[in-house]
Amino acid sequence: MIDFEVPEETKAIRAKVRKFVQEECVAAEKTCTAENFDTTMKALRVKARAQGLWCPFIPTEHGGMGLKPLANALVQMELGESFLGAAALNTQGPDDATMLTLLEHGSDFQKEKYLVPLLDGQKRICYSMTEKAAGADATGMQTTAVLDGDNWVLNGEKWFSSSADVADIAVVMAKTDPDAPRHEQYSTFIVELPSPGYEIVRNIETMQPHTDLGLKLGASHSEIKIDNLVVPRENILGGRGKGFAMGQHRLAYGRLRHGMHNVAIAQRALDLAAGHVTQRSTFGKRLADRQGVRWMMADCAAEIYKARLMLLHIAYKAERGEDLRQENGIAKVFLAHMVHQVVDTALQLHGALGYSQDTPLASWYTSIRSQRLVDGPDEVHRWRTGANVIKAFEEHGTTASACGGELL
Ligand SMILES: Cc1cc2nc3c(=O)[nH]c(=O)nc-3n(C[C@H](O)[C@H](O)[C@H](O)COP(=O)(O)OP(=O)(O)OC[C@H]3O[C@@H](n4cnc5c(N)ncnc54)[C@H](O)[C@@H]3O)c2cc1C
């Protein structure tokens, strides 16, 4: 049986989050600057916590809302409508997925020392896996870790570590066991920042130019030099040789969260477009009354609808503990393209106004391009998804099971 009924309790949480995002976060966007960011964020967090809105998917015994995958997906689809939304509930990337890793794999000591202040919103954490030497194929990482008495000593480099310059803690992957099988050569280390061995060489300039406010939020991606970085033995996370498996687990959640926020951005972009085309007239008619414009709006609606259905189906599978890797890979790629198409259409319908910085569209347009690269590029996901399509055919004589076939 397929049931799209959202439980009343979940509807209420979603409505509460929607109200908070629209009334508090979207409103605060207008006055939030780099100078007042800290006080603005603190005020939003106090208001959010007072309403019980905090760390949506973290279990209640750890101070979160304890939401299951469906409720979390619905909440994240609201939070993404404001660039302040996720941070106001302490569920911003890259911190959120890393908190999840610490929760699942951290020792009691690591949870007490590192996870507790993260969950309380006092600290931030970044994740340093990618290197110039290796990205899509992370098994090519060159950074090494060598045991020296009670410490590990790390040497190498990292690249595109998001939020490193606002982080108090870094999670760093390095090769500990070069002779082990490929996926068991790497371990993960918890590093307290600042540390002389973990040097931020620069925040890399990207398609999305740095702004002072963006840097405060943690929207930077750093190049890191790792030079005789000393890490106590007890700071290895999840066991020696387990880094790669843990990294993949973490990215699996991160991919879904990006997708949920993509739906929110696309929704807000389409709302902005609808607001514009119902006001603007050309050649004696409202844009909204042109058939061509309606077709553009219809195509965006179809994309957002497909995106929501995918996320709901994935949340359904997650709640039942089912294998969702195929759907996750399909959705990761689809959602990145979906948000691009909708934002591009909304920008086009705004004309020169869309190209200006007077609406968020131009900034979204450049920032969301990263979605086709981050957490694995399109081609790698499609390569794996395609392999599953072939496998399904070879096993069952039909590819249906690799295309959401169990829905039939
Ligand atoms: C905005 C942003 C934030 C990021 N944040 C972080 C972070 O916080 N921490 C972190 O560790 N990393 C981070 N990354 C890095 C990200 O995970 C990598 O960029 C990604 O894994 C791709 O690696 P790469 O850039 O080295 O590309 P490469 O591995 O060099 O691949 C280049 C291109 O080759 C093609 N390609 C690669 N493999 C295949 C294949 N098997 N088949 C077909 N084509 C292929 C794809 O088109 C791919 O885009 C971030 C990246 C971006 C853009």
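**Close-up views of a predicted model**

**View 1. The shell of residues around the ligand.** The ligand is surrounded by 21 residues, of which Thr 130, Gly 135, Ala 136, Pro 377 and Glu 379 are the closest, a residue being near a molecule if its C-beta atom, placed from the backbone, lies within 6 Å of it. Two or more residues of this shell come from each of β1 (125-128), β3 (151-162) and α13 (378-396), with helices (H or I, at least four residues) and strands (E, at least two) taken as DSSP runs numbered from the N terminus. Because domain 2 (125-237) and domain 3 (245-407) both give residues to the shell, the ligand lies between them; the domain bounds come from an automatic or database assignment. The model is predicted, so local features need pLDDT of at least 70 and side-chain atom pairs count only at pLDDT 80 or more, whereas totals for chains, interfaces and linings use all residues. Residues are numbered from 1 along each chain as its sequence is written.

**View 2. The buried and exposed faces of helix α2.** Thr 40, Leu 44 and Ala 48 of α2 are buried, that is, 20 or more other C-beta atoms lie within 10 Å of their own, where 12 or fewer would make a residue exposed and a count in between partly exposed, with C-beta atoms placed from the backbone. Seen down the helix axis, the buried residues of α2 fall within an arc of 65° (taken from the directions from the axis to the C-beta atoms), so they line one face. The face turned away from this buried side carries the exposed residues Asp 38, Thr 39, Lys 42, Val 46 and Ala 50.

**View 3. The loop at Ser 107.** Ser 107 sits in the loop between α5 (95-105) and α6 (108-119), and counts as partly exposed because it has 16 C-beta neighbours inside 10 Å.
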